[in-house]
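Grab a coffee and work through these short exercises with the viewer open. Try each task before you read its solution.

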Amino acid sequence: GYYTAGVGLDWIQINSRCCDLATALEYLVILTSTRHKLQEHTRWQGAFEEHLEQTLTASAAEHGRTLEELKVRFRVILLGGMFIGENQVCSPIVHSFESLCKLRQCMEPVRAFRNISGGNFFKSISPSEFQDRWEQFQKSVAGMFQVVGRDTKQPLLRVRTWYDARRHVRAKYLQQWERHSMAFHDKKKHRFLTNTYRFWKRSKKWRNPLADNLAALKPLLVRWQNILQ
């Protein structure tokens, strides 16, 4: 039979060529070593793909192999839990580091919100922001296929089907967001009215000292007037 070795790293799936079991296990050691090195050394100069190629070459050489022997191939896996649940969008397989770079550039705009999936995502973003990010997610999916000359119709249809299947989840979370938003605004309104009422009470309690003095003199003036008459 034929086997292939593979590892995952930061949304990237790296696989070797098909080979026998013993060779596949050897390739797996090389790929695993490469992943560990990349995870331990997160700072480097130049593009990630250049660093990946250098690290793969070095790891292969440590085991008496060359990069040409492994014939590595790549695909990126796009996650978007708040849009498509547990489903994953897999890019077409590419065989060059240049093509891998293009795929990663397509997914870069959605990396910032890839982890927003569990629970009510409207706690982190507003419904309008959610819609903007859904549009960007679709653009990233389409881009991953366009850059390698593949048709985008089927992958977009697939993610939109997954998206529609989660309509009830979005509706539930949207209702929670609306209730929370209304409660928040009601709380702000109540706080404003309460503060206004307290200020009004304080202003009523405060009296001008001059007015108090004139009030005390008024009876005295009346007495003097009666005496003088």
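**Exercise 1.** The charged end of which residue sits over the ring of Tyr 163?

*Solution.* Keep in mind that you are looking at a predicted model. Go to the ring of Tyr 163 and look for a charged group above it: that is the end of Arg 170, 3.6 Å from the ring centre. A charge counts as sitting over a ring when CZ of Arg is within 6 Å of the ring centre and within 35 degrees of the ring normal.

**Exercise 2.** Work out how Trp 134 and Tyr 163 are arranged, and what their pair links.

*Solution.* Start with the aromatic pairs: the whole structure has seven of them. One of these joins Phe 83 and Phe 137, with 5.2 Å centre to centre and 45° between the planes, so it's tilted, since stacked needs under 30 degrees and edge-to-face over 60. Phe 83 is in helix H4 (residues 81-84) and Phe 137 in helix H6 (residues 127-146), so this pair ties together parts 54 residues apart in sequence. Phe 83 is buried, at 0% relative accessibility, and Phe 137 is buried at 0% too.

Now turn to Trp 134 and Tyr 163: their rings are 3.9 Å apart centre to centre, with 5° between the planes, which makes the pair stacked. Trp 134 belongs to helix H6 and Tyr 163 to helix H7 (residues 153-165), so to speak two distant parts of the chain, 29 residues apart, linked by the pair. Trp 134 is buried at 5% relative accessibility, and Tyr 163 at 10%.

Finally, put the rings together: Phe 83, Phe 130, Trp 134, Phe 137 and Tyr 163 form one aromatic cluster.

**Exercise 3.** Is Leu 79 buried, partly exposed or exposed?

*Solution.* Find Leu 79 in strand E3 (residues 73-79). Its relative accessible area is 32%. Buried would need under 20% and exposed over 50%, so Leu 79 is partly exposed. Next, check its contacts: leaving aside residues up to four places away in sequence, Leu 79 touches Trp 11, Gln 88 and Phe 137. Its C-alpha atom is also 6.6 Å from that of Val 89, ten residues apart along the chain.

**Exercise 4.** Which side chains of strand E1 point to the buried face?

*Solution.* Walk along E1 (residues 6-9) and watch the side chains alternate. Val 7 and Leu 9 point to one face and are buried, while Gly 6 and Gly 8 point to the other and aren't. Then look across to strand E2 (residues 12-15), which runs antiparallel to E1 and is joined to it by four bridges. Gly 8 has Gln 13 as its bridge partner there. Between the two strands of this hairpin lie two residues, and Asp 10 in the turn has a positive phi of about 50°.

Definitions and conventions:
Residues numbered from 1 in each chain as written. Predicted model: local features only at pLDDT ≥ 70, side-chain atom pairs only at ≥ 80, totals over all residues. Heavy atoms only, no water. Buried < 20%, exposed > 50% of the residue type's maximum accessible area, 1.4 Å probe, protein only. Pairing = 2+ DSSP bridges. Contact = heavy atoms within 4.5 Å. Phe/Tyr/Trp six-rings, centres within 6.5 Å; stacked < 30°, edge-to-face > 60°.
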